[in-house]
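Thanks for sharing this one. Here are my notes, set out point by point so you can follow along with the structure open.

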Amino acid sequence: PKNRRTKEPEGITMDFNDTPEEAEFRAEARAWLEANATPHRDDDEEDLLGERIDDKTLAWCREWQAKKAEGGWACLTWPKEVGGREATPIQNVIWKQELAKYRNPPDIYGIGLGMCGPTILTHGTDEQKQRWIPEMMEGQQIWCQLFSEPSAGSDLAGLRSSAVLDGDDWIVNGQKIWTTGAQFSDWGILVLRSDPNAVKHAGLTYFVVDMHSPGIEIRPITQINRGQGFNEVFFTDVRIPDANRIGAVGDGWRVAITTLMNERASIGGGGGAGNTADLIRAAREIEIDGRPAIENAAVRGKLADFYIRSKGLQFTGNRTLTALSRGQTPGPEASLGKLIGGVMVQDLAEFGIELAGMAGIVHDASNPTTSLWQDRFLAIPGLRIAGGTDEVLRNIIAERVLGLPPEVRLDKGIAFKDVPTGPPSN
């Protein structure tokens, strides 16, 4: 059991224990993983941003996804008619908890299965579902998300890449950026401006694009940790068949909201780099003045601070688990987990480097005690941007949790082509 039962003064019961049904599901998941997976080790190399994907890793990813699909563990919450289990959200959480105990390849299918697939299942035609869902689930095709643009920032509805209808095809021109895994993806989901005369949110249309189409240029972005997990993607007269349109023309914003809601739900879940166990272990191994660092009073105080913060995150997450176990939809409070957790992981990594002293300035892959923290410190800023920046999450918390008034919008009711851009004129 996961110890999820407390009694609050108001008489509200928060249940943190597995129900009999949940315990049975956990045992089934654990048994399958014990028979098919390798237990996680403390020295397993991390790949937080998927920036170290080579042909060998791709083969491992495909093999593991196919094995999960064959065993019925690929897409638990999807409908049974497409190969899913119609599992409950809490069962999906339980699966992620158990999965985190084992070695897993980088999650190159996370965008497809966590965002693209649910969107197609919600808004796609029967033909589109039959065309893409089975291969997606079995790991035969890798998907990416082409939303962000240089001129739009975190304002998805402000995108400028265009789609112009030409017979049975749409002609696409523009640029996307920060596209994770584009360099090895087969398909992508794409939101484009199809009507510049409509107001900002109404002139968008949603498509699926073949990433091998003529006119697509992919440029990997070299990150601060020397990895290349993100990409720029340029479209020059790319033809997308109208049969690849998801939803109605001009209804792209509503379809995109489905994708974004599933993106929020798919972030996190199983384990993660935010716990304090690694830092405590490092403090036992690293010495200060000839003694283990963990015996130093200042170090112990810092560890205690991190432990308290991690418990705050854990118990806030337990509220989400309680809602899921009751069949409820978690609220926007979940944004707290990513906002606070991202900052905390970066702080943990910074302190881990500080503990290493002079060794902290040299990345030595043969010394996992120090290289672990350097890798995390360099990778976490990217994760704090991906899936919603700190600023976007603060807006969500302010408006939807605290009930504060929304930011002033100067583009409301104006055709997108007339929305002012650049600095105001004198």
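1. How many disulfides does the structure hold? Zero, going by this model, which is a predicted one. A disulfide would need two cysteine sulfur atoms within 2.5 Å. The sulfur of Cys116 has its closest cysteine sulfur in Cys144, 7.4 Å away, so that pair is too far apart for a bond.

2. Staying with the cysteines, are Cys61 and Cys116 buried or exposed? Cys116 has 0% relative accessibility, so it counts as buried. Cys61 is buried as well, because its relative accessible area is 2%, and the cut-off for buried is under 20%.

3. Now to helix H1, residues 20-36. With 17 residues at 1.5 Å a residue, H1 should span 24 Å, and its end C-alpha atoms are indeed 24 Å apart, so the two values agree. The buried residues of H1 are Glu22, Phe25, Arg26, Ala29, Trp32 and Leu33. They lie on the same side of the helix, because they cover an arc of only 130 degrees around the axis. If you turn H1 over, the face away from that buried side carries the exposed residues Pro20, Glu24, Glu34 and Ala35.

4. Helix H5, residues 126-138, is worth a look too. Its 13 residues should span 18 Å at 1.5 Å a residue, and the end C-alpha atoms are 18 Å apart, so the expected span is met. Where does H5 bend? The bend is at Trp132, by about 30 degrees, and a proline, Pro134, follows within four residues. Just after H5 comes Gly139, with a positive phi near 85 degrees.

5. Which residues of H5 are buried? They are Gln128, Trp132, Ile133, Met136 and Met137; Trp132 is thus both a buried residue and the site of the bend. The elements that cover the buried residues of H5 include the helices H2 (55-71) and H4 (110-123). Strands contribute to that cover as well, among them E3 (143-146), E6 (187-193), E7 (204-210) and E10 (245-246).

6. Last, the strand pairing around E9, residues 230-241. Strand E5 (residues 169-176) runs antiparallel to E9, and seven bridges join the two. To find this pairing on screen, start from Trp170, whose bridge partner in E9 is Ile240. Strand E8 (residues 216-221) is also antiparallel to E9, joined to it by six bridges. Here Glu217 stands opposite Phe234 of E9.

Methods: Residues are numbered from 1 along each chain as its sequence is written. This is a predicted model: local features need pLDDT of at least 70, side-chain atom pairs count only at pLDDT 80 or more; totals for chains, interfaces and linings use all residues. Side-chain values use heavy atoms; hydrogens and water are left out. Buried means under 20% relative accessible area, exposed over 50%, partly exposed in between (1.4 Å probe, protein chains only). The expected span of a helix is 1.5 Å times one less than its number of residues. The bend at a residue is the angle between axes fitted to the seven residues ending there and the seven starting there. Contact means heavy atoms within 4.5 Å. The arc is that of the directions from the helix axis to the C-beta atoms. Two strands pair if DSSP finds at least two bridges between them.
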